[in-house]
Amino acid sequence: MKVLLLKDPKDKDSGPDPYIKELGLYGFEATLIPVLSFEFISLESLFEKLSHPECYGGLVFTSPRALEAIKICLKEHSKNEAWSKSLKQRWNSKPAYVVGKATASLVEEVGLIPQGEKSGNAEKLAEYICSREKPNSSTLLFPCGALKREVLPTALREKGILLECLTVYQTTQHPDLQGSLSSYFSQQGVPASIVFFSPSGVRFCLQHIQKLSGEFINDIKFSAIGPATAEAMEAAGVPVSCTAGSPTPQDLAAGIQRALRSQTC
């Protein structure tokens, strides 16, 4: 059975995409279609803040894109040198809170030690941070996207935990999205399952999928990588057959298998 994953592929240098690999173990033929494009902004401001760890109590990351922004900064020799010589070590005396394993892996790539990666979503990460931070302690720096949800900032604010948000990327529709979807449906037909990986993906893809699927739209089992995406799907009138227990290839693949085999998840 075919599964369509509406997500960006993993970095080319890091081997096969783990979602395709895991779904393959269940006998599914998975295909990726990139949905989003990202424009990185405020990078000078980002590095300026990273240059002053003494001003902050730690870092918060809820998206791999925020780490990509840091990696772009570090491509500049002088900034990379400053990071390697002292900044990285100074930040490692403070927590780097993350949501999910993918973000944790990128945090490790820039030399930091992630905490909270098992939380899996913003709500649980907020609970984790609140259990470890005292009210009115040093501000946490939160590099984020323009479309960030307010769940985490609101939860921390209610507990008196200071958070400084810095928008470092903007999200737009991938320029090849419509063509890629049309090509997939014409060549492979209607998939057994379609997985959304973000609320933005629902917004950008749903209309095209409905048009391309036609009368077979009700045969598709729609899955979500997490609760925020599931909420966006439900708000758009999409029946959610499966929401991954945590945003990992293993949980998603097991959930899709249950949804397709038993029609429930």
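How many bridges join strand E4 (residues 58-61) to strand E5 (residues 96-98), and which way do the two strands run relative to each other? In this predicted model, 3 bridges join E4 to E5, and the strands run parallel. Leu 59 of E4 stands opposite Ala 96 in E5, and further along the pair Phe 61 has Val 98 in E5 as its bridge partner. E4 also pairs with strand E7: 2 bridges join them, again in a parallel arrangement. Here Gly 58 stands opposite Leu 140 in E7.

The residues of E4 alternate in direction. Gly 58 and Val 60 point one way from the strand, while Leu 59 and Phe 61 point the other way. All four are buried, that is, under 20% relative accessible area.

These pairings belong to an open sheet of 6 strands, in the order E3-E8-E7-E4-E5-E6. The pairing across this sheet is mixed, although E4 runs parallel to E5 and to E7. The sheet has E3 and strand E6 (114-115) as its edge strands, each pairing on one side only.

The edge strand E3 covers residues 36-40, and Glu 39 is located in it. Is Glu 39 buried, partly exposed or exposed? With a relative accessibility of 45%, Glu 39 counts as partly exposed, because the partly exposed class lies between the buried limit of 20% and the exposed limit of 50%. Leaving aside residues up to four places away in sequence, Glu 39 touches Val 168, Tyr 169 and Gln 170. Ala 235, by contrast, lies 196 residues from Glu 39 in sequence, and the two C-alpha atoms are 27 Å apart in space.

Just after E3 comes a loop that leads to helix H2 (43-50), and Ser 42 sits in this loop. Ser 42 has a positive phi of about 55°, although it is not a glycine. Its relative accessibility is 35%, so Ser 42 counts as partly exposed. Asn 136 is another non-glycine residue with a positive phi, in this case about 60°. Asn 136 is found in the loop between helix H6 (122-132) and strand E7 (140-145). At 63% relative accessibility, Asn 136 counts as exposed.

A second set of strand pairings involves strand E9 (residues 193-196). Which strands pair with E9? Strand E1 (residues 2-6) is joined to E9 by 4 bridges, and the two run parallel. In this pair, Leu 4 has Ile 194 as its bridge partner in E9. Another 4 bridges join E9 to strand E10 (residues 221-224), also parallel. In that pair, the bridge partner of Val 195 is Ser 223 in E10. Between E9 and E10 the chain passes through helix H9 (residues 199-213), forming a right-handed β-α-β crossover.

The side chains of E9 follow an alternating pattern too. Ser 193 and Val 195 point one way, Ile 194 and Phe 196 point the other way, and all are buried. Thus Ile 194, the partner of Leu 4, and Val 195, the partner of Ser 223, point in opposite directions from E9.

Toward the start of the chain, Gly 27 lies in the loop between helix H1 (18-25) and strand E2 (29-32). Gly 27 is exposed, with a relative accessible area of 52%. Its C-alpha atom is separated by 7.4 Å from that of Met 1, although the two are 26 residues apart along the chain.

For the protein as a whole, the secondary structure comes to 11 helices and 11 strands. A compact globule of 265 residues would have a radius of gyration near 18 Å, and the value of 19 Å for this protein agrees with that. The C-alpha trace spans about 60 × 40 × 30 Å along its principal axes. Buried residues make up 46% of the 265 residues. Of the contacts with a separation of 6 or more, 70% are between residues 24 or more positions apart. The accessible surface comes to about 12900 Å², and carbon and sulfur atoms account for 49% of this surface.

UniProt, in an unreviewed entry, lists residues 19-253 as "domain: Tetrapyrrole biosynthesis uroporphyrinogen III synthase". In the model this span is 46% helix and 20% strand, and its end C-alpha atoms lie 8 Å apart.

Definitions and conventions: Residues numbered from 1 in each chain as written. Predicted model: local features only at pLDDT ≥ 70, side-chain atom pairs only at ≥ 80, totals over all residues. Heavy atoms only, no water. Buried < 20%, exposed > 50% of the residue type's maximum accessible area, 1.4 Å probe, protein only. Pairing = 2+ DSSP bridges. Right-handed = clockwise from strand over helix to strand, strands pointing away. Rg over C-alpha atoms; globule rule 2.2 N^0.38 Å. Contact = heavy atoms within 4.5 Å. Areas by Shrake-Rupley, 256 points an atom, 1.4 Å probe, with all protein chains shown as cover. UniProt positions renumbered as here; feature names shortened; annotations may be inferred.
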